Amino acid sequence: VLFRSQYFGDVRITPIYEGTNGIQAADLVSRKLGRAGGAAMEAILAEVRATVAALQAVAEEPFEHMGTALASALAGMEASTQQVLGGLQTDRDMALGASFDYLMQTGYLFGGWALARCALLARQRITEGDDNSFYPQKIATAAFYAEQILPSCGSNAGAVATAAGSLQSYPLDWLCGQCDDQDIYSRSVRRPPRGAGRRTAVQQLRADCALPRPRGNHQVLRG
């Protein structure tokens, strides 16, 4: 089991992860989606619907499959959006708990939407007689995304749908023994100097939090 001083003292990448994922997800849900009852998101989803219709109007592959895949991802996004908007009104903890998966779902959907629009334009150029190899390459890229990446929206949608479940009843004290979050953070971010002084501080922190003593690097890594 990795003891807590490593999380807050040694693993300096976590502030970057927190900034790019947690903060951006909370901002998307709280400020951007929540503004005007989700009007901005609805405007974008209306454009995605128009792209789905354009794909479905092309009676050939891979556009038919792209249309089906994008329509499925869009339906999941619409359901997730309504759930998160409802949570902002009645259960903000649930809405924020769903925010990371909602962020990822949004990214996957918008990526597929952008590539689908490019594929439609590439097809238009080809039908006009342009033989630039860039255009079939762009269509192939969009088809690959629809087949292999866009379905990830489904797993994110599933997580958003259950965000009001066990996550909301998980006891916080299970995360750090007998210490609260602020106690762990306040003592670990002020790192003692390396050497005996630091070892003593880490040992005291582990003892106060009732954490097991790691026995070698192999056990620390495996948990």
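## Exercises on an all-helix model

The largest nonpolar core has 39 residues, and F63, L70, V84, Y102 and L109 are those with the most contacts inside it. The model you are looking at is predicted, so let's work through it together.

**Exercise 1. Find which elements give two or more residues to this core, and which one gives the largest share.**

*Solution.* Start with the list of contributors: α2 (14–33), α3 (39–56), α4 (63–90), α5 (92–97), α6, α7 (134–148) and α8 (152–161) each give two or more residues. Next, look for the largest share: α4 supplies it, with 10 residues. As background, nonpolar side chains in soluble globular proteins tend to be buried together.

**Exercise 2. Describe the overall make-up of the protein: how many helices and strands does it have?**

*Solution.* Count the elements: there are 11 helices and 0 strands. Then turn to burial, where 32% of the 223 residues are buried. For the surface, the accessible area is about 13,100 Å², and carbon and sulfur atoms account for 56% of that. Finally, consider the contacts with a separation of 6 or more: 75% of them join residues 24 or more positions apart.

**Exercise 3. Decide whether V48 is buried or exposed, and list its contacts beyond its sequence neighbours.**

*Solution.* First place the residue: V48 sits in helix α3. Its relative accessibility is 0%, and because the cut-off for buried is under 20%, V48 counts as buried. Now set aside neighbours within four places in sequence; V48 is then in contact with L70, L74, L109 and W113. To see how the chain brings distant positions together, compare V48 with F110: they are 62 residues apart in sequence, yet their C-alpha atoms are 8.2 Å apart.

**Exercise 4. Work out which side chain makes a polar contact with the buried D101 side chain.**

*Solution.* Begin with the location: D101 belongs to helix α6, which covers residues 99–127. Check for a salt bridge next: D101 has none, and R92, the nearest side chain of opposite charge, is 17 Å away. Then look for a polar partner: the side chain of N156 makes a polar contact with that of D101 at 2.9 Å. Beyond four places in sequence, D101 is in contact with N156, A159 and V160.

**Exercise 5. List what Y102 is in contact with, leaving aside neighbours within four places in sequence.**

*Solution.* Recall that Y102 is among the residues with the most contacts inside the largest nonpolar core. Its contacts beyond those neighbours are L28, V29, L33, M41, M77, S80, T81, V84 and V160. One of these, V160, is also in contact with D101.

Methods. Residues numbered from 1 in each chain as written. Predicted model: local features only at pLDDT ≥ 70, side-chain atom pairs only at ≥ 80, totals over all residues. Heavy atoms only, no water. Helix = DSSP H or I, 4+ residues; strand = E, 2+ residues; numbered from the N terminus. Buried < 20%, exposed > 50% of the residue type's maximum accessible area, 1.4 Å probe, protein only. Lys, Arg positive; Asp, Glu negative; His and termini not counted. Salt bridge = Lys/Arg side-chain N within 4 Å of Asp/Glu carboxyl O. Polar contact = N/O pair within 3.5 Å; in protein donor to acceptor, adjacent residues only side chain to side chain. Contact = heavy atoms within 4.5 Å. Core = buried A, V, L, I, M, F, W, Y, C linked by side-chain atoms within 4.5 Å. Areas by Shrake-Rupley, 256 points an atom, 1.4 Å probe, with all protein chains shown as cover.
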